[in-house]
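Hello,

Here is the structure I promised to pass on to you. Have a look at it first, and then read on for what turned up in it.

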Amino acid sequence: MVNFMGRVLRLMDQKGVRASEVCKAIGVKDPSFHAWKKGTARITITNRQKLAKYLGTTVEYLETGIHPKMFEVAPIVRTTDDLAAFAVTLKESIYNPVLQSLAKQSQLEPDKAVEIFNQLEKSQCANTSRKPGAFVWVVENASMVAPVGISFPKGAQVLIDPRRKPEHDQCILILHEGYISLRVWSEIEGTHLLTLLNPVYSQASAINYSGNIWDIWLGTPVSYTLSV
């Protein structure tokens with residue numbers, strides 16, 4: 001697994017920078033740098049900041065491998081593989097039980113998950129909380145367009161908050177039998193009914209789920225925007 005110094009060395013290699021140049025720039029002696037490289041000495045917060053600044057990145061990236069852009073703009077999650085990478089990368093930040101479970105069960109190595117996460121397409125939805133918990137789901141058809149009231153038109157980028165609790169008779173994003181979908185959640189005599197908003201779509205598309213809603217709930221829509 002790539003650690004802080006692993007990322008430092010990788011960036012140095014990409015930029016064609018030698019260890020002696022780094023040491024001179026941040027004001028440390030060569031033996032200290034080599035001790036960091038071997039893992040026999042601790043890198044102070046001040047020196048971490050100096051390394052990040054010299055290499056044109058952030059301490060956050062060097063520590064986690066996550067590009068800071070993802071903390072400002074919610075990434076688009078299109079597939080279950082995207083979702084798994086999102087969950088594995090941010091498992092310490094996400095309190096959604098389904099995403100936590102997905103992270104634990106995933107076969108993705110952490111470094112591979114970070115790589116996929118950093119390559120996720122940027123949405124048009126700002127992550128207003130400035131935390132890496134929100135993501136975007138894109139509506140691919142007219143199934144969530146209602147005759148009246150709230151609707152999510154085809155192409156809508158829906159900002160999903162995996163921390164906002166689901167509410168009865170409201171839309172939620174679910175992971176059911178390997179598929180991600182946006183549905184209206186209601187409960188009838190102990191059974192969860194998950195339906196589409198558009199009456200044109202067949203009633204056969206409704207999902208009757210008898211388990212715990214927390215086992216399939218991925219998050220709750222906060223807002224949406226249309227692609228331009």
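Strand 3, residues 135-138, is covered on both of its faces. Phe-135 and Trp-137 are on one side, Val-136 and Val-138 are on the other, and all of these residues are buried. That fits a broader pattern: in a regular strand, side chains point by turns to one face of the sheet and then to the other. Please bear in mind throughout that this is a predicted model.

Which way does strand 3 run against strand 4? The two pair in the antiparallel sense, over 4 bridges. You can find one contact point of the pairing by starting from Trp-137, whose bridge partner in strand 4 is Val-158.

Phe-135 also takes you to the aromatic rings. Together with Phe-86 and Phe-117, Phe-135 belongs to a cluster linked by ring pairs. The count of aromatic pairs comes to 5. One of them joins Phe-33 and Trp-36, a tilted pair with 6.2 Å from centre to centre and 55 degrees between the planes. Phe-33 and Trp-36 both sit in helix 3 (residues 30-38), 3 residues apart, which is about one turn of the helix.

Are Phe-33 and Trp-36 buried or exposed? Phe-33 has a relative accessibility of 1%, so it counts as buried. Trp-36 is buried as well, because its relative accessible area is 6%, and the cut-off for buried is under 20%.

From Trp-36 you can step across to helix 4 (residues 45-54), where Asn-47 is found. Setting aside neighbours within four places in sequence, Asn-47 is in contact with Val-28 and Trp-36. Asn-47 has a relative accessible area of 14% and is therefore buried. Another place to look at is Arg-48, which lies over the face of Phe-4, at 4.2 Å from the ring centre.

Two loop residues deserve a look for their backbone angles. Asp-169 is not a glycine, yet it has a positive phi of about 65 degrees. Asp-169 lies in the loop between strand 4 (156-161) and strand 5 (170-176). With a relative accessibility of 54%, Asp-169 counts as exposed, because the cut-off for exposed is over 50%. The other residue is Glu-189, also not a glycine, with a positive phi near 50 degrees. You will find Glu-189 in the loop between strand 6 (179-188) and strand 7 (191-195). Glu-189 counts as exposed too, at 81% relative accessibility.

Now for the overall picture. The protein has 8 helices and 9 strands. How does its radius of gyration stand against that of a compact globule of 228 residues? Such a globule would have a value near 17 Å, whereas the protein has 22 Å. Along the principal axes, the C-alpha atoms fill a box of roughly 70 × 35 × 25 Å.

Of the 228 residues, 45% are buried. The accessible surface comes to about 12,600 Å², and carbon and sulfur atoms account for 50% of that. Among contacts with a separation of 6 or more, 63% are between residues 24 or more positions apart.

If you would like a place to start, try Trp-137 and its bridge partner Val-158, and then go on to the cluster of Phe-86, Phe-117 and Phe-135.

Enjoy exploring, and best wishes!

Notes. Residues are numbered from 1 along each chain as its sequence is written. This is a predicted model: local features need pLDDT of at least 70, side-chain atom pairs count only at pLDDT 80 or more; totals for chains, interfaces and linings use all residues. Side-chain values use heavy atoms; hydrogens and water are left out. Buried means under 20% relative accessible area, exposed over 50%, partly exposed in between (1.4 Å probe, protein chains only). Contact means heavy atoms within 4.5 Å. Rings of Phe, Tyr and Trp (its six-membered ring) pair if their centres lie within 6.5 Å; planes under 30 degrees apart count as stacked, over 60 as edge-to-face and the rest as tilted. A charge sits over a ring if NZ of Lys or CZ of Arg is within 6 Å of the ring centre and within 35 degrees of the ring normal. The radius of gyration is taken over C-alpha atoms; the globule rule is 2.2 Å times the number of residues to the power 0.38. Accessible areas come from the Shrake-Rupley method with a 1.4 Å probe; for residues, only the protein chains shown count as cover. Two strands pair if DSSP finds at least two bridges between them.
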